Amino acid sequence: MTRTAKLTIIPPDKPLSGRAMPPGSKSITNRALLLAGLAKGTSRLTGALKSDDTRYMADALRAMGVSIDEPDDTTFVVTGSGRLQPPKAPLFLGNAGTATRFLTAAAALVDGTVIVDGDEHMRKRPIGPLVEAMRTLGIDATAETGCPPVTVKGTGRFQADRIRIDGGLSSQYVSALLMMAAGGDRPVDIELVGEDIGALGYIDLTTAAMKAFGAKVEKTSPVTWRVEPTGYRAADFIVEPDASAATYLWAAEVLTSGAIDLGVPADAFSQPDARAYDMIARFPQLPPEIDGSQMQDAVPTLAVLAAFNETPVRFVGIANLRVKECDRIRALSSGLNRILPGLAREEGDDLIVKSDPALAGKRLPAEIDSFADHRIAMSFALAGLKIDGITILDPDCVGKTFPAYWRTLAALGVTYQNKD
Ligand SMILES: O=C(O)C1=C[C@@H](OP(=O)(O)O)[C@@H](O)[C@H](O)C1
Ligand SMILES: C=C(OP(=O)(O)O)C(=O)O
């Protein structure tokens with residue numbers, strides 16, 4: 001299929017209203033797929049996300065002998081044998097951080113060699129701390145550049161009482177080790193070391209999913225989890241909608257003074273980005289400082305929203321946005337400055353959005369580079385709801401987590417130009 005080169009958003013002339021369901025959660029779908037794949041028996045995952053990231057996870061599991069049927073657009077039926085088989089070829093995981101990090105650790109449970117690889121963007125995203133932690137357990141894991149590809153020569157077992165991991169660059173390392181640990185021979189304590197971890201809420205998602213698939217995991221201190229060697233049990237599992245995807249709809253609603261029914265209240269989400277709802281609800285009086293550390297994927301949404309706020313906003317606690325799908329701090333500052341020079345600036349790893357409510361209603365033609373990052377494309381589309389002339393380059397990159405994004409906005413009344 002050819003990719004659309006660009007999409008210009010026509011600001012709607014009335015508030016956006018109607019029903020718009022976000023897709024299933026990427027984070028939860030990819031956890032549930034892996035855990036179901038590690039279990040013996042058949043699991044049925046409903047409400048799941050079907051997108052690039054979950055397709056990479058599902059295809060990798062298929063390559064390791066897991067049978068996965070897809071009876072409809074939101075269901076995976078996963079049958080595992082209780083053991084992953086060595087794949088015949090390297091696992092290619094695109095730019096899916098969850099799939100890449102989770103499968104790197106899970107590869108230790110395979111008796112044979114697994115090569116975990118991704119696209120040119122993933123090959124720049126650090127995985128060294130996870131690989132190092134695995135090596136301290138005697139697992140033969142190597143990543144020459146500190147980024148994928150990673151080669152894991154597993155024996156199907158590992159010996160560990162305690163694993164220390166620095167999750168400062170990515171909480172996904174911790175989640176990956178937790179999910180691996182239930183496949184061990186004895187109880188394992190996993191301890192966070194180093195800098196503060198961003199997005200602790202993702203660890204809660206991991207332990208909740210593990211428990212749903214029969215694992216025993218307990219938080220024994222603010223920085224330690226104990227995992228029993230239970231393995232996993234097949235389960236039927238309902239995936240909740242994606243909170244990060246919901247942030248675009250919440251923001252579209254406040255920006256256009258509309259009424260968008262997501263079909264799920266903000267307090268029903270267990271994902272960290274649902275915290276952004278209370279912040280978005282304060283628009284156009286966002287606070288002068290927003291700590292993005294516990295709602296990282298919502299920062300692009302909030303930063304674009306901040307451009308229309310009554311007063312400037314400084315985003316702090318967002319250093320690891322520099323190692324996401326792209327350097328998001330840079331992508332946000334350059335995109336905002338493309339719309340209006342001086343609208344944003346970086347100070348170290350903080351992002352300061354100057355904000356200008358008078359932007360709304362103006363014609364300011366600007367081509368926004370998505371840097372192949374779904375969240376940059378989706379968040380700058382919000383600017384296009386208020387400013388005439390916003391063009392999103394490579395709009396199809398939303399397929400990573402929200403393939404129906406443009407259709408969802410269209411159903412609410414948004415129209416486009418340049419749709420080739
Ligand atoms: O565990 C997860 O599902 C995720 C953790 C976060 O990444 P990091 O832990 O790399 O910050 C988040 O940005 C990502 O979209 C999903
Ligand atoms: C950071 C993200 O993804 P991942 O790390 O799973 O690739 C994201 O979806 O914003």
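Which residues are the closest to ligand 2? In this predicted model, the closest are Lys26, Gly97, Arg125, Arg375 and Lys400, out of 14 residues that surround the ligand. Let's start there and work outwards to the helices.

Several polar atoms of the protein sit next to ligand 2. Lys26 puts a polar side-chain atom 2.7 Å from an oxygen atom of the ligand, and Arg328 does so at 2.9 Å. Asn95 joins in through its backbone instead: one of its polar backbone atoms is 3.2 Å from a ligand oxygen. As for how covered the ligand is, ligand 2 on its own has 290 Å² of accessible area, and the protein covers 98% of it.

Now follow Lys26 away from the ligand. Helix 1 spans residues 26-38, and Lys26 is among the residues it uses to meet helix 2. The axes of helix 1 and helix 2 (residues 52-63) come within 10 Å of each other and cross at roughly 5°. Angles under 35 degrees count as roughly parallel, so helix 1 runs roughly parallel to helix 2. On the helix 1 side you'll find Lys26, Thr29, Asn30, Leu33 and Leu34, and these meet Asp53, Thr54, Met57, Ala58 and Leu61 of helix 2. Sorted by class, that contact has 5 nonpolar, 3 polar and 2 charged residues.

Arg375, another of the closest residues to ligand 2, leads to a second helix pair. Here helix 7 (residues 243-255) and helix 11 (residues 374-383) have axes that come within 9 Å and cross at roughly 10°. That angle makes helix 7 roughly parallel to helix 11. Helix 7 brings Ser244, Tyr248, Ala251, Ala252 and Leu255 to the contact, while helix 11 brings Arg375, Met378, Ser379 and Leu382. The split by class for this contact is 6 nonpolar, 2 polar and 1 charged.

That leaves the other ligand. Ligand 1 is surrounded by 13 residues, and the closest are Ser27, Ser170, Ser171, Asp297 and Lys324. Look at Asp297 in particular: an N or O atom in its side chain is 2.5 Å from an oxygen atom of ligand 1. Arg31 has a polar side-chain atom 2.7 Å from a ligand 1 oxygen, and for Asn320 the corresponding distance is 3.4 Å. Taken alone, ligand 1 exposes 390 Å², of which the protein buries 96%.

Notes:
Residues are numbered from 1 along each chain as its sequence is written. Chains are lettered from A and ligands numbered from 1 in the order in which they are written. This is a predicted model: local features need pLDDT of at least 70, side-chain atom pairs count only at pLDDT 80 or more; totals for chains, interfaces and linings use all residues. Side-chain values use heavy atoms; hydrogens and water are left out. Axes are lines fitted to C-alpha atoms, for helices over the stretch in contact, and angles run from 0 to 180 degrees between N-to-C directions. Helices (H or I, at least four residues) and strands (E, at least two) are DSSP runs, numbered from the N terminus. Angles under 35 degrees count as roughly parallel, over 145 as roughly antiparallel, 65 to 115 as roughly perpendicular and the rest as oblique. Contact means heavy atoms within 4.5 Å. Ala, Val, Leu, Ile, Met, Phe, Trp, Tyr, Cys and Pro count as nonpolar, Asp, Glu, Lys and Arg as charged, and the others, Gly among them, as polar. A residue is near a molecule or strand if one of its heavy atoms lies within 4 Å of it. A polar contact is a pair of N or O atoms within 3.5 Å; within protein, one must be able to donate a hydrogen and the other to accept it, and residues adjacent in sequence count only if both atoms are side-chain atoms. Accessible areas come from the Shrake-Rupley method with a 1.4 Å probe; for residues, only the protein chains shown count as cover.
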